[in-house]
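Work through the exercises below with the sequence and the model open beside you. Try each task before reading its solution.

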Amino acid sequence: MSICDKTAIVGIANTEFSKNSGRSELQLAAEATRDALADAGLKPSDVDGMTTFTMDNTDEIELARAVGIGDLRFYSRVPHGGGAATGLIHQAVMAVASGMAECIVCYRSLNGRSGHRYSSGVSGPLLTADAIHWGWYTPYGLMTPASWVAMYSQRYMHLTEQCQEAMFEIAHVQREYAAKNPAALFYEQPFTLDDYENAKRIVSPLKLLDCCLESDGGSAVIITTAERAKDLKHKPVAIKGVGQAAAANMESMTSFYRPEIAAIPSMDIAAREAYQQSGLTPDDIDAAVIYDAFTPIVLWQLESWGFCESYKAPQFVLDGALRSDGRLPTNTHGGQLSEAYIHGVNGIVEAAKLVRGSSVNQPAKHIENVLVTSGVGVPTGGALLGSL
Amino acid sequence: MTPEERQAFEEELYTFVGRPLHPEPKRSYDAVNEAMIRHWAEVMGDKNPAYTNAEWAASSRRGELIAPPAMMYAWNQEGYAVAAEGRPSDGLSDLVAYFDQHGFTGSLGTNVDQEFFAEAKIGDALFEDAIIEEISEQKVTARGRGYFLQTLAKFTNQSGELIGTQRFRVFKFIPPEAPPKAAASGASEELEVPTRIHAPRGQDNGWWWDACDEGKVLIQRCKNCQTLRHPPRPMCGECQSTDWDSVQSTLDGEIFSFVEMHYPKFPGYKYPLIVAVISLAEGTRIISNVVGIDSQDVKIGMKVKGKVEQVDEKTMLPQFYPVEA
Ligand SMILES: [Zn+2]
């Protein structure tokens, strides 16, 4: 059986995004959940399942109690940071399509700026598998997300042409979107090529504007059966396909041991799975929300999802593909580079809006199907959303 | 601090902004002179003859010696007495005392920005006129919670000509609690030099780091099928054998990819800092530093040779050097 069109996203919400939310991550998750339920026209008591990130600090049962959700029949967590984003959909779809649950909240909230900041790097005295893994890198100083991604990027730049120009185009197009999105942290704050080139170097070849924000906020989406979705408030956003994958010889963020590292085989597998389930092809996809912790990772994903050939993403991007009138309007909310960094779940919210036709930067053309992806460098995934 | 206490603290704190450090411009302790210039240039390793070689200077387009521009602030600095008697009270020390009284006892100089407009010549008197230019909002950093304060000093000569300006930025913060062990042993005063972050040593990887401490880089080898693997893991992915030994790497390698770390900078690491993925001649890869080369000269495909070195007081690591072509 295929999961295509068996389930739908029926409610979506973000809290405001900020540098200091002034409240707990539990409260942010509760507000996002409450608002997503209201958006769907559902009551807390309709919910019977939850999915989130292993990294999320908010316990499912705490959240359920806070929001007034009753009995839970299903709860599940997905590992590896931003790689979990569409994994939340993956888990929810399997539960709902199989009848294990009927209505699931997928949530993520973090005080990523005022609380723990990922840019502060990894270290710690604990003898965990995780600490042993990072131990192969921290003694040499390679210990921030930017540094791990820069290592793949340098290699990708070596094998492609115009990569640097394409990185600017990605950062710039997304900032243009954010400048027109009142919810974005960079609302009304465009930048120029000069700003980009003169920005602080973070880890060469990445500069400041190649890197995502650190922000506070919460996002939630509600997934239920396609049948039930038809009676709710908004046009249902069907889940056509969703893939999740960890390719062979994987490390979390540091898969430097494969024959070629300027590629993301995990996303290739996820794409193949999602296309197979949905019967869709790259030509059927009208817009995208592509995980953008750093500019180069957008390029690799365009290749994984078949929008262009391997090592040709820079040219695809420089043809204006990501712009509102381009082949594949992408990250129309401003992305995590310029709207907010809620680990890709704000991206799922935006992808659903694109299908509904309610994005703040809704492209002029008709949008039937939208791709949304998770963070890469880690086990990852992606989902294809569309009209029911 | 309660929110109310913080509000009251900040209300008074921001009244310091704009205050002068000295009641009137502070005159340099000595006129600009050759002896101090010579000491400064020697310590800095600055061999520019414009500062110390009078003969050369006489024939230069200036016709005379000048003081090193970056030395500008030195003429007005207190001497050794500060160490013994403390700094005389001024606008800045009042602000520092205010921070200290409220628990922000940590100090960390973070930036110095100098701008130069004219040259100081032998015999000049320099006058420093400084204010507290800026105090940031409260920030949370890896050091702790606190405020950045910035002073702006303007240096003029006896004719009132502007020589240069200097902005000095200091972070005043609440230091984290001292670790209980240090407090108990009474050794909390001891200054510890930060070292690199070490890998924790467990059953599957400890042997590798132990060998590294002895100057060797080993590569794990399956005893059953001879396949090499790195980083170490307890089972061979080819034949599922848990029997293994190791071979010592010659550390001949080639750069497969690399990065240069700029921000944030971590205590205990030396910058510029290059980290690379290196393909070893044995066929496995290792992540390590590339040293002994300017960062702009590092290239993918470059041949390198490693040796295990002591990189700080507590750390042995392989470090790779470019191989002369
Ligand atoms: Zn074997």
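Two strands pair if DSSP finds at least two bridges between them. Helices (H or I, at least four residues) and strands (E, at least two) are DSSP runs, numbered from the N terminus. The model is predicted: local features need pLDDT of at least 70, side-chain atom pairs count only at pLDDT 80 or more, and totals for chains, interfaces and linings use all residues. Residues are numbered from 1 along each chain as its sequence is written, chains are lettered from A and ligands numbered from 1 in the order in which they are written, and side-chain values use heavy atoms, with hydrogens and water left out.

**Exercise 1. The sheet of chain A**

Task: Trace the strand order of the open sheet of 9 strands in chain A. Then place helix H2 of chain A against the strands that this helix lies across.

Solution:
- Step 1. The order is E3-E2-E4-E7-E1-E8-E11-E10-E9, and the pairing is mixed.
- Step 2. Strand E3 (74–78) and strand E9 (287–289) of chain A are the edge strands, each pairing on one side only.
- Step 3. From one strand to the next, the twist averages 25°. Axes here are lines fitted to C-alpha atoms, for helices over the stretch in contact, and angles run from 0 to 180 degrees between N-to-C directions.
- Step 4. Take strand E2 (residues 49–53) of chain A. With E3(A) this strand pairs in the parallel sense over 5 bridges. A:Gly49 has A:Phe74 as its bridge partner in E3(A).
- Step 5. Helix H2 (residues 60–67) of chain A lies across E2, E3 and strand E4 (103–111) of chain A. H2 runs at about 125° to E2(A).

**Exercise 2. The zinc site**

Task: Which atoms coordinate the zinc ion, and what makes their arrangement tetrahedral?

Solution:
- Step 1. Collect the donors (N, O and S atoms within 2.8 Å of the metal, or 3.2 Å for Na, K and Ca; water is not among the atoms, so sites may look incomplete).
- Step 2. The SG atoms of B:Cys222, B:Cys225, B:Cys236 and B:Cys239 coordinate the zinc ion at 2.3 to 2.4 Å. Their spacing along the chain is C-x2-C-x10-C-x2-C.
- Step 3. Four donors count as tetrahedral if all angles lie between 85 and 135 degrees. The 4 donor atoms subtend angles of 100 to 118°, so the arrangement is tetrahedral.
- Step 4. Check accessibility: buried means under 20% relative accessible area, exposed over 50%, partly exposed in between (1.4 Å probe, protein chains only). B:Cys222 is buried at 0%. B:Cys225 is partly exposed at 29%.

**Exercise 3. The sheet of 3 strands in chain B**

Task: Find the edges of the open sheet with the order E8-E7-E9 in chain B. Then locate B:Gln226.

Solution:
- Step 1. The pairing in this sheet is antiparallel. Strand E8 (228–229) and strand E9 (244–248) of chain B have a single partner strand each, so one side of each is left without a neighbour in the sheet.
- Step 2. Strand E7 (residues 218–222) of chain B pairs with E8(B) over 2 bridges, antiparallel. B:Gln220 and B:Arg229 in E8(B) are bridge partners.
- Step 3. Helix H8 (residues 206–213) of chain B packs on the sheet and touches E7 and E9 of chain B. The direction of H8 makes about 140° with that of E7(B).
- Step 4. B:Gln226 sits in the loop between E7 and E8 of chain B. B:Gln226 has a positive phi of about 70° although it is not a glycine. B:Gln226 is partly exposed, at 44% relative accessible area.

**Exercise 4. The buried side of a helix**

Task: Which residues of helix H6 (residues 91–101) of chain B are buried, and what do they pack against?

Solution:
- Step 1. B:Gly91, B:Leu95, B:Tyr98 and B:Phe99 are buried.
- Step 2. The arc is that of the directions from the helix axis to the C-beta atoms. These residues cover an arc of only 100° around the axis, which puts them on the same side of H6(B).
- Step 3. The buried residues of H6(B) pack against helix H1 (3–13), strand E3 (126–135), strand E5 (144–157) and strand E6 (162–174) of chain B (contact means heavy atoms within 4.5 Å).
- Step 4. E3(B) and E5(B) run antiparallel, joined by 9 bridges. B:Asp129 has B:Lys154 as its bridge partner in E5(B).

Methods:
Tetrahedral: all angles 85-135°; square planar, octahedral: opposite > 155°, others 65-115°.
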